[in-house]
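Here's a walk through one model, element by element. Keep the structure open while you read, and click along as residues come up.

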Amino acid sequence: MNENVINQGLFYLDWLLDHRKEFQWLVMERLGQDVANAVDLSAPRLLCIAGDFTRYDEHAVKQIARNIELIRYRRFGEDLLMLELVHVPKTSKLTGSKVIAEVKSLGSPQSTADAGQESDPYLSQRMSYRLSQSSADLRDIYDAVHHFLIALGDDVQVKELKFYTAFKRLKNFVCMEIYPQARTVTLFLKLDPTTSALESGFTRDVSDVGHFGTGDLQVTLKSMADFEKAQPLLVRAYEGG
């Protein structure tokens, strides 16, 4: 579980510092004498990688006199992995980069630009915080919608804003928000609400209701079943209604 990754990392770090000679012998046996002699254990770094960290984790590592970095990962479909640097100690060479996000291909020759996304499709700090406070099931819904929308066409672009994620062609056709407390993913679609049969608790006409995302048809997702039911609406919004 993610809540144990820091404690586990500290255990390994303490073992390394208490068994320097054993580690160097291991390196020598595997990689040779020259590599073993080049090992510098004067300031080891501990990189903790997990699907999520809480604000308490970030506070805790700040109080520990260790060179600890926290890295959050998120998958987007089968081919993309995002790495986000959540915490870096002041002594690190990366000081000044409060949040670093990086998308790497996992076996696919397509870059994010090839997939139709903008060159910097990373989460804003506010959206990242909302995701970090959401349940795994809710994050799964968010990821499923995200992957579905960018797969609709090579012309789909993603823009991460302060309060929502926008999916657009020439203009936004879907805006997505996530609400951890309400346990919902909310979509605003660029569709005329009068052209759809509205369903209480699922779809809603918000043409006269103030909201952050653009689009007059609100779709509320609380489960993967809701996501599947919403897919035809998402395709219509992409195709222009």
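Arg-169 is partly exposed, because its relative accessible area is 31% and the partly exposed class runs from 20% to 50%. Keep in mind that this is a predicted model. The side chain of Arg-169 meets that of Asp-155 in a salt bridge, with N and O 2.6 Å apart. This pair ties together distant parts of the chain: Arg-169 sits in the loop between β6 (165-168) and β7 (172-179), Asp-155 in the loop between α6 and β5 (157-160), and 14 residues separate them. Asp-155 also counts as partly exposed, at 29% relative accessibility.

How many salt bridges does a search of the whole structure find? The count is four. Three of them, including the one just described, are laid out here:

| Salt bridge | N to O distance | Residues apart in sequence |
|---|---|---|
| Arg-169 and Asp-155 | 2.6 Å | 14 residues |
| Arg-45 and Glu-69 | 3.0 Å | 24 residues |
| Glu-199 and Lys-229 | 3.0 Å | 30 residues |

Take the Arg-45 pair next. Arg-45 forms its salt bridge with Glu-69, and the closest N and O atoms are 3.0 Å apart. It's another link between distant parts of the chain, with Arg-45 in the loop between α3 (33-38) and β1, and Glu-69 in strand β2. Is Glu-69 buried or exposed? Glu-69 counts as buried because its relative accessibility is 2%, and the cut-off for buried is under 20%.

Now for Glu-199 and Lys-229, whose closest N and O atoms are 3.0 Å apart in their salt bridge. Here the link runs from the loop between β8 (184-189) and β9 (203-205), where Glu-199 sits, to helix α7 (residues 224-239), which holds Lys-229. Both ends are partly exposed: Glu-199 has a relative accessible area of 36%, and Lys-229 has one of 37%.

Back to strand β2, the home of Glu-69. Strand β2 covers residues 68-76, and seven of its nine residues are buried, so the rest of the structure largely encloses it. On one side, β2 pairs with β1 in the parallel sense, over five bridges. If you want a spot to click on, Cys-48 stands opposite Leu-70 in β2. The connection is a right-handed β-α-β unit, made by β1, helix α4 (residues 55-63) and β2.

Strand β2 has a second partner too. Seven bridges join β2 to strand β3 (residues 80-87), and these two run antiparallel. Look for Arg-72, which stands opposite Glu-84 in β3.

What about the surface around here? Leu-47, Ile-49 and Tyr-73 make a nonpolar surface patch of about 270 Å². Ile-49 belongs to strand β1 (residues 46-50). Ile-49 is partly exposed because its relative accessible area comes to 47%, while a residue has to be over 50% to be called exposed.

On to helix α6. This helix spans residues 136-150, and at 1.5 Å a residue its 15 residues should span 21 Å; the end C-alpha atoms are 21 Å apart, so the two agree. How many of its 15 residues are buried? Eleven are, which leaves α6 mostly covered. Among the buried ones are Arg-139, Asp-143 and His-146, alongside nonpolar neighbours such as Leu-138, Ile-141, Val-145 and Phe-148.

Leu-152 lies in the loop between α6 and β5. With a relative accessible area of 22%, Leu-152 is partly exposed. In sequence, Leu-152 and Leu-234 are 82 residues apart, but their C-alpha atoms are 9.2 Å apart in space.

Last stop: strand β10 (residues 217-221), where five of five residues are buried. Leu-217, Val-219 and Leu-221 point one way, Gln-218 and Thr-220 point the other way, and all are buried. Which strands pair with β10? Strand β8 is joined to β10 by five bridges and runs antiparallel to it, with Leu-189 opposite Leu-217. Strand β9 pairs with β10 over three bridges, also in the antiparallel sense, and there Thr-203 has Val-219 as its bridge partner.

Methods: Residues are numbered from 1 along each chain as its sequence is written. This is a predicted model: local features need pLDDT of at least 70, side-chain atom pairs count only at pLDDT 80 or more; totals for chains, interfaces and linings use all residues. Side-chain values use heavy atoms; hydrogens and water are left out. Patches are made of residues with over 30% relative accessible area and no salt bridge: like charges are joined within 9 Å, nonpolar side chains (Val, Leu, Ile, Met, Phe, Trp, Tyr) within 5 Å. Accessible areas come from the Shrake-Rupley method with a 1.4 Å probe; for residues, only the protein chains shown count as cover. Helices (H or I, at least four residues) and strands (E, at least two) are DSSP runs, numbered from the N terminus. Buried means under 20% relative accessible area, exposed over 50%, partly exposed in between (1.4 Å probe, protein chains only). The expected span of a helix is 1.5 Å times one less than its number of residues. Two strands pair if DSSP finds at least two bridges between them. A crossover is right-handed if, with the strands pointing away from the viewer, the path from the first strand over the helix to the second runs clockwise.
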